[in-house]
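Trainee: I am new to this structure and would like a close look at a single part of it, the nonpolar interior. Please take me through that part and what lies around it.

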Amino acid sequence: MRDTTEDVAALVAEVEQQERELVLGRFTHDDAWQLGCLLVELATERGLAVTVDVRKGPQQVFHAAREGTTPDNDTWVQRKVRVVERFGASSYLTGLRARAKGEDFNAKHQLPLQEFAAHGGAFPVRVDGVGIVGVVTVSGLAQADDHALVVEALRVHAAGGA
């Protein structure tokens, strides 16, 4: 099925709303670890072959690769994280915004494809009154599914469930 302009615009609005809603009160190293463990638990329950990465600032606090992943997933994590760090929005939202304008993300920003991937799965960790303090990333599924898994885990974590 082909995305229409309206479909992409609706997705952009939905992801923007997720980013406005998913703001945490704090984000410690322990929080990063718990969030990573929650993502691995969800992936294990569902039999998903994903790599999970959680960073606080530039420090990688949690990283796990489930059976069925490859070193290529680690590369995807790095490429998605760079997009969040550079553009201050989820890798999915950044890619959707480019698609909504009919633009090629990497060409428009003159960024090498081997270093930047505006594909779903990396989400900024925002703390109320502070801003972006980290990035949580999943790689291994279709980009919308990578993104959805991160959003699900962040919602549980924000509600005190992780």
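**The nonpolar interior**

Mentor: This is a predicted model. Its largest nonpolar core has 25 residues, and of these Phe27 and Val136 touch the most other members. Two or more residues are given to this core by each of these elements: the helices H2 (29-46) and H6 (143-158), and the strands E2 (51-56), E3 (59-65), E4 (122-127) and E5 (131-139). The largest share is that of H2, which supplies six residues.

Phe27 is a useful place to start looking. Setting aside neighbours within four places in sequence, Phe27 is in contact with Ala32 and Leu35, with Val54, Arg55 and Lys56, and with Val125, Val127 and Val133. Apart from the largest core lies another one, of seven residues, including Val12, Val15, Tyr92 and Leu96.

Those four names lead to a pair of helices. Helix H1 covers residues 5-21 and helix H4 covers residues 91-100; their axes come within 9 Å and cross at roughly 150 degrees. Angles over 145 degrees count as roughly antiparallel, and H1 and H4 are therefore roughly antiparallel to each other. Their crossing is left-handed. On the H1 side, the contact is made by Val8, Leu11, Val12, Val15, Glu16 and Glu19; on the H4 side, by Tyr92, Leu93, Leu96, Arg97, Arg99 and Ala100. Sorted by type, the residues of this contact are eight nonpolar and four charged, with no polar ones.

H1 also holds Gln18. Is Gln18 buried or exposed? Its relative accessible area is 8%, and buried means under 20%, so Gln18 is buried. Leaving out residues up to four places away in sequence, Gln18 touches Phe123, His147, Val151 and Arg155. Of the elements already named, E4 spans 122-127 and H6 spans 143-158.

One more residue can be examined in the same way. Lys80 sits in helix H3, which runs over residues 71-87. Lys80 has 2% relative accessibility and so counts as buried. Not counting residues up to four places away in sequence, Lys80 touches Ser91, then Ala117, His119, Gly120, Gly121 and Ala122, then Thr137, Val138 and Ser139, and also Asp146.

To look at this part again, begin with Phe27 and Val136 in the largest core, turn to the core of seven residues that lies apart from it, and then follow the left-handed crossing of H1 and H4.

Notes
Residues are numbered from 1 along each chain as its sequence is written. This is a predicted model: local features need pLDDT of at least 70, side-chain atom pairs count only at pLDDT 80 or more; totals for chains, interfaces and linings use all residues. Side-chain values use heavy atoms; hydrogens and water are left out. Axes are lines fitted to C-alpha atoms, for helices over the stretch in contact, and angles run from 0 to 180 degrees between N-to-C directions. Helices (H or I, at least four residues) and strands (E, at least two) are DSSP runs, numbered from the N terminus. Angles under 35 degrees count as roughly parallel, over 145 as roughly antiparallel, 65 to 115 as roughly perpendicular and the rest as oblique. A crossing is left-handed if the near helix is turned anticlockwise from the far one by less than a right angle, and right-handed if clockwise. Contact means heavy atoms within 4.5 Å. Ala, Val, Leu, Ile, Met, Phe, Trp, Tyr, Cys and Pro count as nonpolar, Asp, Glu, Lys and Arg as charged, and the others, Gly among them, as polar. A nonpolar core is a set of buried Ala, Val, Leu, Ile, Met, Phe, Trp, Tyr and Cys residues joined through side-chain atoms within 4.5 Å. Buried means under 20% relative accessible area, exposed over 50%, partly exposed in between (1.4 Å probe, protein chains only).
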